[in-house]
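Here is a short walk through one model, written for someone who likes to check geometry by eye. Have the viewer open while you read.

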Amino acid sequence: MASTESQPAPAAQDSKPKASKSAQAKKFKKEVDTLPDKIASLFPSNWLTQAGAPFIVEFTGAMMLTLVVSLTADDPNAPLPIGAILVSMIFMGGHISGGHYNPAVSLAVYVRGKISLLRLFFYMMAQVIGALCAARIGEITLGEDNLPLPQPGDGITTGEAFLIEFLFTYALAAPVLTTATTISVGDNSFYGLAIGCVVLAGGYSAGGVSGAAFNPAVASGLFAVAGTNTKLWLYWVAPLVGGLAAGIMFHIINSDENDLRLGKIEDIERRGVAVGGQTSNYRQEVKSKNTWLQAMKAATAVVSSEERR
């Protein structure tokens, strides 16, 4: 008899949680029914938004970089804002697209083995289109005559300018690979500064020698809007060769970092293709083999279960 009399009690106790859950659901619905939530609901996370996000970021970064180059043409301290905007854009989009904003850097990352040839092509397209838009904005703002065009300095031969563009583009692409795509460096927050500082140093030291473009997309945007292609080949070939050399040299000096050598595209190509995100699977694999880490996880799980009790 005692057991039968005690059965209704749990049912009575369960009614309160059900009522409270219903109230919480209504409260939550009211809280999320705001303008930001409505906007977010228009762009749910799906294959389309995830596939398009990296290209939008590359377009935006290249556009802002070229715009700053356009608007600071006559400023002797132009390398400062140019380096600063590059750092900001890398931190803004590095975890989404890799934060390349430069066909030469994208080529280096491709040789590194982090993006496919198809993604390389579309990255380059997005970067050039972004630079074209920015150069056009610069022309509207300052006038066509005030739009800067990278050119070798007085007394500098084409070969000498080629050498400088090659070397500084190599110096730009190499830190991208060594600070942002390596396991040994791990998660870090300095990769943007390392890359931006190269542009800062190159702008000051090579601006009067080669024009300090180091970026085929930026050069293409400026030359296209200005309606000329004089020596445009120089600012494509030299940086691309520099990016290619950086990618090859990476494999030579970081052979133990070839964590994603000839993997499948879905393993190699992922969001954050040049800022550590692409190595998440590799990190998980390494951590799964770390006995000390596994022991710590097990101990944490035991403590958590005891606390819940």
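A residue counts as buried under 20% relative accessible area, as exposed over 50%, and as partly exposed in between. N77, with a relative accessible area of 39%, is therefore partly exposed. Keep in mind that this is a predicted model.

Let's start with the overall picture. The protein chain has 14 helices and zero strands, so going by the definition of these elements there is nothing but α to read off from the N terminus on. Of the 309 residues in the protein chain, 41% are buried.

**A helix pair**

Which angle do α4 and α7 make where they pack? Helix α4 covers residues 47-71 and helix α7 covers residues 117-142, and they pack at about 35° with their axes 7 Å apart. Their crossing is right-handed. Sorted by class, the contact of α4 with α7 has 17 nonpolar, six polar and two charged residues.

Helix α7 has 26 residues, and the distance from its first C-alpha to its last is 37 Å, close to the 38 Å expected at 1.5 Å a residue. After α7 comes G143, with a positive phi near 100°.

I56 is found in helix α4. Is I56 buried or exposed? Its relative accessible area is 56%, and because the cut-off for exposed is over 50%, I56 counts as exposed.

**Pairs far apart along the chain**

Three pairs of C-alpha atoms are handy to pick out in the viewer:

| Pair | Separation along the chain | C-alpha distance |
|---|---|---|
| I56 and A126 | 70 residues | 7.5 Å |
| L149 and A213 | 64 residues | 9.0 Å |
| N77 and G203 | 126 residues | 9.0 Å |

As for where some of these sit, N77 is in the loop between α4 and α5, while L149 is in the loop between α7 and α8. L149 has 32% relative accessibility, so it counts as partly exposed.

**The largest pocket**

If you plan to probe the model, this is a natural place to look. How much space lies in the largest pocket? About 640 Å³. The largest pocket is lined by 33 residues, and V69, I82, G211, A212 and A213 are the ones nearest its centre. Two or more lining residues come from each of α4, α5 (79-93), α8 (158-180), α9 and α10. By class, the lining has 23 nonpolar, nine polar and one charged residues.

**Backbone oddities in one loop**

A212, one of the residues nearest the centre of that pocket, is found in the loop between α9 (191-206) and α10 (216-226). Most residues other than glycine have a negative phi. A212 goes the other way, with a positive phi near 50° although A212 is not a glycine.

F214 lies in the loop between α9 and α10 too. Its phi is also positive, near 55°, again in a residue other than glycine. Is F214 buried or exposed? With 4% relative accessibility, against a cut-off of under 20%, F214 counts as buried.

To tie the threads together, A213 appears twice above: A213 is among the residues nearest the pocket centre, and the C-alpha atom of A213 is 9.0 Å from that of L149.

Definitions and conventions:
Residues numbered from 1 in each chain as written. Predicted model: local features only at pLDDT ≥ 70, side-chain atom pairs only at ≥ 80, totals over all residues. Heavy atoms only, no water. Helix = DSSP H or I, 4+ residues; strand = E, 2+ residues; numbered from the N terminus. Buried < 20%, exposed > 50% of the residue type's maximum accessible area, 1.4 Å probe, protein only. Axes fitted to C-alpha atoms, helices over the stretch in contact; angles between N-to-C directions. Left-handed = near helix turned anticlockwise from the far one by under 90°. Nonpolar A, V, L, I, M, F, W, Y, C, P; charged D, E, K, R; others polar. 1 Å grid on protein atoms, 1.4 Å probe; cavity = no way out; pocket = protein on both sides within 12 Å on 5 of 7 lines; lining within 4 Å. Points joined across faces, edges and corners; volume = space filled by probe spheres on them. Expected span 1.5 Å × (residues − 1).
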